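This report introduces a structure to a reader who has not met it before. Please keep the sequence and the three-dimensional view at hand while reading.

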Amino acid sequence: MSKTDSNGAPGHRLRRASTSGKATVLAMGKAFPSQLIPQECLVEGYIRDTKCEDASIKEKLERLCKTTTVKTRYTVMCKEILDKYPELATEGSSTIKQRLEIANPAVVEMALEASLACIKEWGRPATDITHIIYVSSSEIRLPGGDLYLASQLGLKNDVNRVMLYFLGCYGGVTGLRVAKDIAENNPGSRILLTTSETTILGFRPPNKARPYDLVGAALFGDGAAAVIIGTDPITNSESPFMELNYAVQQFLPGTQNVIDGRLSEEGINFKLGRDLPQKIEDNIEEFCRKLVSKANLTEFNDLFWAVHPGGPAILNRLENTLKLNNGKLECSRRALMDYGNVSSNTIFYVMEYMREELKAEGGEEWGLALAFGPGITFEGILLRSL
């Protein structure tokens, strides 16, 4: 069942052979804006930048910043942007035009950097990419960032492009599911999947009428990620580390208002229902059983877990409901701590930590990638570690 590591070097761990015709992850890359914010500096900066004088709001934000478990985050927003666009910090200003002037090029710049890192790890020329999937909830324009990215990477002009817009936190796993379908139905294809997000569209002064704005300020970060997907990896030139074995998407009827995002002249406004963690808790076990049954698995603790860390409450409830051993969600907790919730990107930061963990002796063969978002939509993939 196993074959030697693709570089054939003595002493390297044996690799599991990939299943013929099944999509595999061949390389990963990530990128971030230059500004890194330690969580302990966030409150003072946010209160100063938005000229907020309400002590109760500051107190609440300080409390939220502690409960999120986030330690550091990257952000496109900086002093230079606020100096140029002071209206972004003014309540009630019509600023969608200004926000898109910042966000549209910023997400492509980050996607480009992540893609270049991914292609470098892959080791083949960019012109070998046959398809590109571009995921973002942070830009709006025609043509979309997929075209700008393909041009800047020097891809062939007949590369097949797919854009996945405004899916929110489950967008990265949706991208994996779509890439899997393309790869398995187009033998020899190589798909570049890239996700890129910035919080520019949602940045605004705090307002007691919009309590979720403070949750966003305490939790969300910016960044990009990229992976290359393909079937039947080329021996000695490609190094697959994860197989996308089986994928499921499911929505919970009647929950479309639990995560509610509306675009307005002031940017994007989010509302998050208090019952979100409970809705996930009530439905997650059945969803996971559906995925693992494809590999005749029943014991959740025999799996590795790559879960989108929407927030600590969701991770805690999932851990308790599925009776997972301590440490099973460690990669998700690390990604949340190091980057915050970076929407569609975050699952790839989790998977990157997972890749390192699975290299250790005795790493599990099977695992699940999970993400949740507006709808309420569940995305899940049964993974196989190679």
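## Backbone features, sheet and helices

At 72% relative accessibility, Asn296 counts as exposed, because the cut-off for that class is over 50%. The model in which Asn296 is described is a predicted one. Asn296 lies in the loop that runs between helix H8 (276-292) and E13. Its phi is near 55 degrees, a positive value in a residue other than glycine.

Asp232 also has a positive phi without being a glycine, here about 45 degrees. This residue is found in the loop between E9 and strand E10 (242-251), and with 40% relative accessibility it counts as partly exposed.

Two cis peptide bonds are listed below.

| Peptide bond | Omega | Loop holding the second residue |
|---|---|---|
| Leu142 to Pro143 | near -5 degrees | between E6 and helix H5 (145-153) |
| Gly375 to Ile376 | about -25 degrees | between E14 and E15 |

The strands flanking Ile376 belong to a sheet. Nine strands form this open sheet, with mixed pairing, in the order E7-E6-E8-E9-E3-E10-E15-E14-E13. Strand E7 (160-165) and strand E13 (304-307) are at the edges; each has a single partner strand, so one side of each is left without a neighbour in the sheet. On average, neighbouring strands are turned by 25 degrees against each other, direction ignored. Within the sheet, strand E14 (residues 366-373) pairs with strand E15 (residues 377-385) in the antiparallel sense, over eight bridges. Gly373 has Thr377 of E15 as its bridge partner.

Helix H4 (residues 96-122) lies across strand E3 (23-31), strand E6 (131-136), strand E8 (191-197) and strand E9 (223-231). Its direction is at about 130 degrees to E3.

Which residues of helix H10 (residues 330-339) are buried? They are Cys331, Ser332, Ala335, Leu336 and Tyr339. Seen down the axis of H10, these residues fall within an arc of 140 degrees, so they line one face of the helix. Their cover includes E3, strand E5 (72-75), helix H7 (212-219), E13, helix H9 (312-321) and helix H11 (346-358). After H10 comes Gly340, which has a positive phi near 75 degrees.

H9 packs against H10 at an angle of about 175 degrees, and their axes are 11 Å apart. The two helices are therefore roughly antiparallel. Pro312, Leu315, Asn316 and Glu319 of H9 make the contact with Ser332, Arg333 and Leu336 of H10. The residues of this contact divide into three nonpolar, two polar and two charged.

Methods
Residues are numbered from 1 along each chain as its sequence is written. This is a predicted model: local features need pLDDT of at least 70, side-chain atom pairs count only at pLDDT 80 or more; totals for chains, interfaces and linings use all residues. Side-chain values use heavy atoms; hydrogens and water are left out. Two strands pair if DSSP finds at least two bridges between them. Helices (H or I, at least four residues) and strands (E, at least two) are DSSP runs, numbered from the N terminus. Axes are lines fitted to C-alpha atoms, for helices over the stretch in contact, and angles run from 0 to 180 degrees between N-to-C directions. Contact means heavy atoms within 4.5 Å. Buried means under 20% relative accessible area, exposed over 50%, partly exposed in between (1.4 Å probe, protein chains only). The arc is that of the directions from the helix axis to the C-beta atoms. Angles under 35 degrees count as roughly parallel, over 145 as roughly antiparallel, 65 to 115 as roughly perpendicular and the rest as oblique. Ala, Val, Leu, Ile, Met, Phe, Trp, Tyr, Cys and Pro count as nonpolar, Asp, Glu, Lys and Arg as charged, and the others, Gly among them, as polar.
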